[in-house]
Amino acid sequence: MDLKPEAGTRRRGAELENAILSAAWAELTENGYSAFTFESIAARAGTSRPVLYRRWKDRDQLMLAAIDRERLRNPIEVPDTGNLRDDIVMLMQRVNLARAGFAALMSAQLTDYFRATGKTLFTELKRLLRTGPQGGAGAMDLILGHAAARGELDPSVLDARTIELPATLMRYEMLIEQKRLPDSVIEEIVDDIWMPLLRAKGALL
């Protein structure tokens, strides 16, 4: 995908930045991290390397910006079905639909990035699957708050590890399968593991 502007046009500000990020995303998905250079991205976007350096100090910053932009183009709507179990299942289904492709991308195209930076695939996938737009309060916080307001849940007895367990298991499955998960896997995580754990901790009222 070439994003060179028409002759006589000069892009600035958000328009130029969006063109660069689109070019960066295309370069990453088509050719991988080893070919992900400022030179190749500038050529694809129809701009110059100094323009990129004024915005991002290195290619890793630009790559993460392009990935985050793509992630935020598919926001996760927080469900409110009226009960905790269905909210969690629906949330995981929506995350699965919107984000599963990132696991396959990271496994196939970013091997050199993980080797060079020492970061782990699991940690980066956790960042990409978060549902808060800027790492703030995420969908799980909202869902638990709704359940508490309904008198369905006492969140004060839950530790962070228990709260994050459905997402942790889902990320693991995504890394193994590198594709969208069947709904049956999501339902097993919730019905066979997480809900019984909440009952055992006395969190369900």
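This is a dialogue on reading helix packing, salt bridges and surface charge in a predicted model.

Colleague: Let me begin with helix α2, residues 38–45: is this helix mostly covered or mostly open, and how many of its residues are buried?

Modeller: The general idea is to compare each residue's relative accessible area with a cut-off, since buried means under 20%. In this predicted model, helix α2 is mostly covered, with six of its eight residues counted as buried. Those residues are Phe38, Ser40, Ile41, Ala42, Arg44 and Ala45.

Colleague: Which helices do the buried residues of α2 pack against, and what follows just after α2?

Modeller: The packing partners are α1 (13–31), α3 (49–53) and α4 (59–72). Just after the helix comes glycine 46, whose phi is positive, at about 70°.

Colleague: Arg44 is a charged residue on the list of buried ones; which side chain does arginine 44 meet in a salt bridge?

Modeller: The general idea is that side chains of opposite charge can pair when their charged atoms come close. Here arginine 44 meets glutamate 27, with an N to O distance of 2.9 Å. Because arginine 44 belongs to helix α2 and glutamate 27 to helix α1, the pair ties together parts that are 17 residues apart in sequence. Arginine 44 counts as buried at 10% relative accessibility, and glutamate 27 is likewise buried, with a relative accessible area of 7%.

Colleague: How many salt bridges does the count come to, and is arginine 73, which pairs with glutamate 70, buried or exposed?

Modeller: The count comes to eleven salt bridges. In the pair you mention, the side chains of arginine 73 and glutamate 70 meet at 3.3 Å, N to O. Arginine 73 is exposed, with a relative accessible area of 51%, whereas glutamate 70 is buried, with a value of 15%.

Colleague: And where do the partners lie in the salt bridge between aspartate 159 and lysine 201?

Modeller: The closest N and O atoms of aspartate 159 and lysine 201 are 3.5 Å apart. Aspartate 159 lies in the loop between α8 (139–149) and α9 (160–177), while lysine 201 lies in the segment after α10, so this salt bridge ties together parts that are 42 residues apart in sequence. Both partners count as partly exposed, aspartate 159 at 35% relative accessibility and lysine 201 at 34%. Elsewhere, salt bridges that share partners join Asp80, Asp87, Arg150 and Glu152 into one network.

Colleague: Arg150 brings me to leucine 84: which residues does leucine 84 touch, leaving aside those up to four places away in sequence?

Modeller: The general idea is to set sequence separation beside spatial contact, where contact means heavy atoms within 4.5 Å. Leucine 84, placed in helix α5 (residues 84–109), touches Ile143, Leu144, Ala147, Arg150, Glu152, Leu153, Trp194, Leu198 and Leu204. For arginine 150, the separation from leucine 84 is 66 residues in sequence and 9.6 Å in space, C-alpha to C-alpha. Leucine 84 itself is buried, with a relative accessible area of 0%.

Colleague: Finally, which residues form the negative surface patch, and where is glutamate 188 placed?

Modeller: The general idea is to look for charged residues that form no salt bridge and have over 30% relative accessible area, with like charges joined within 9 Å. In this structure the negative patch is formed by Asp183, Glu187, Glu188 and Asp192. Glutamate 188 is placed in helix α10 (residues 183–200) and counts as partly exposed at 45% relative accessibility.

Technical notes
Residues are numbered from 1 along each chain as its sequence is written. This is a predicted model: local features need pLDDT of at least 70, side-chain atom pairs count only at pLDDT 80 or more; totals for chains, interfaces and linings use all residues. Side-chain values use heavy atoms; hydrogens and water are left out. Buried means under 20% relative accessible area, exposed over 50%, partly exposed in between (1.4 Å probe, protein chains only). Helices (H or I, at least four residues) and strands (E, at least two) are DSSP runs, numbered from the N terminus. Patches are made of residues with over 30% relative accessible area and no salt bridge: like charges are joined within 9 Å, nonpolar side chains (Val, Leu, Ile, Met, Phe, Trp, Tyr) within 5 Å. Accessible areas come from the Shrake-Rupley method with a 1.4 Å probe; for residues, only the protein chains shown count as cover. A salt bridge is a side-chain nitrogen of Lys or Arg within 4 Å of a carboxyl oxygen of Asp or Glu. Lys and Arg count as positive and Asp and Glu as negative; His and the chain ends are not counted. The place of a charge is taken as NZ of Lys, CZ of Arg, CG of Asp or CD of Glu.
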